Amino acid sequence: MVEETARKKINLALQGGGAFGAFTWGVLDHILEDGRLDIEGVTGASAGAINAIILKDGLARGGLGEARNRLAEFWRAASINGNLPDLQRKVIDGLFQPAKLWLEVVANFQPGPLLLPPLLVSPYYSQLHNINPLKELIEAFVDFEAIRKRELPKLFISATNVETGKLHIFSEDGITAEAIAASACLPNLFRAVEINGVPYWDGAFLGNPSIFPLLHSTTTKDILLVQLTPFQRQGAPTSSAHILRRLIEIAINSPLMGELRAIEYVNRLIDGGQLADGIEPDKYKRVNMHRVILDDFGKELDLLGPANTDYQFFEMLRDLGREAAQRFMDAHFEDIGVRDTMDLAHEVRAVTELEVYA
């Protein structure tokens, strides 16, 4: 048992990324096994939202060990080898296979007057009945009553309001199976998820993940970002499939980059004595950003990796996540609560040529 004095508080920010969410499973699995971190808050979008709700469900049911068990059970069920009903199997495949479907359209579709690929047909026409198997799957896995009785970690789930184009953050009692389904609703595959008459799409469009709720609603200044989509890749893509993938990567990382830029700016003002550092909700807070990223491994993964639902692929990603988390903990546990280990200035400078940091 880890001594209380050796424990540290941290927040988690979990990116969405289809099947690559199994990497996040591995990161969480090692953190839970290590036992030295108390998770105060978790923010997530899409697959990150699913990992977040399964994590808290396990903690609410029985602590660290049960959280590890619940995550393992979910990803086993989510794999193509899992024993899910047909409708739930299809929705999980849809959640984890959008990259594959889009790339197949771009690579293989030849325009013709009489034929459209299935992905270009509206789900309002292809789905005659508005059934949401993901909602049903989450309801089967998650004890929401137990979750509401457990204060920590605080959860923040991102979704996109279709009508206003604004980000919506679900938290506390607002986190339901519908909210998780909304956060993972891919608009070309599924009908918008309506909650209180408001339609929602995937949260990754506007917050992948959203960091700002952690700043206002938790006391710890340390945030560990589990990033599944890298900011940078070398060279310009040339094939239609690679071009599309890079466009998607840039688009879903844009909101995150904006938030990191704001955090870096406030940190710089606080470090320079131009702002006071505080922990109250209405005060500026200096944030220690940390990161575990599925980056160096990406070169070795297949182009359609985000669409692979084979359990062996999930296990490989889990192991990569565990290894990455262990390296982070070995190298940076002592830095938590003390300083950044993610070079925010470098990340921000990488996307601007303005000489504003001299």
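Start by selecting helix α2 (residues 47-62) and helix α3 (residues 64-78) in this predicted model. Their axes come within 7 Å and cross at roughly 140 degrees. That angle makes α2 oblique to α3, since the cut-off for roughly antiparallel is over 145. Look along the pair and you'll find a right-handed crossing.

Now show side chains for the contact. On the α2 side, pick I50, N51, I54, L55, D57, G58, L59, R61 and G62. On the α3 side, pick L64, E66, A67, R70, L71, F74 and W75. Colour them by class and you get nine nonpolar, three polar and four charged residues.

Keep D57 of α2 on screen, since it is part of that contact, and add E145. The two residues sit 88 apart along the chain, yet their C-alpha atoms are separated by 9.6 Å. E145 belongs to helix α8 (residues 144-149). Is E145 buried or exposed? Its relative accessible area is 54%, so it counts as exposed, the cut-off being over 50%.

Next stop: helix α1 (residues 21-34) with helix α12 (residues 311-332). Here the axes come within 6 Å, crossing at roughly 45 degrees, and the two helices are therefore oblique to each other. The handedness of the α1 and α12 crossing is right-handed.

To see what touches what, select A22, F23, W25, G26, V27, D29, H30, E33 and D34 in α1. Their partners in α12 are Y311, F314, L317, R318, L320, G321, R322, A324, A325, Q326 and M329. Sorted by class, the residues of this contact come out as eleven nonpolar, four polar and five charged.

Leave F23 and F314 highlighted, because they carry you to the last stop, the largest nonpolar core. In soluble globular proteins, nonpolar side chains tend to be buried together. Which members of this core touch the most others? Select L12, F23, I53, L55 and F314: out of 69 core residues, these have the most other members in touch. L55 should look familiar, as it was in the contact of α2 with α3. Which helix gives this core its largest share? That's α12, with nine residues.

Finish by hiding that core and bringing up another one that lies apart from it. This second core has 15 residues, and A13, I211, L214 and L260 are among them.

Terms used
Residues numbered from 1 in each chain as written. Predicted model: local features only at pLDDT ≥ 70, side-chain atom pairs only at ≥ 80, totals over all residues. Heavy atoms only, no water. Axes fitted to C-alpha atoms, helices over the stretch in contact; angles between N-to-C directions. Helix = DSSP H or I, 4+ residues; strand = E, 2+ residues; numbered from the N terminus. Parallel < 35°, antiparallel > 145°, perpendicular 65-115°, else oblique. Left-handed = near helix turned anticlockwise from the far one by under 90°. Contact = heavy atoms within 4.5 Å. Nonpolar A, V, L, I, M, F, W, Y, C, P; charged D, E, K, R; others polar. Core = buried A, V, L, I, M, F, W, Y, C linked by side-chain atoms within 4.5 Å. Buried < 20%, exposed > 50% of the residue type's maximum accessible area, 1.4 Å probe, protein only.
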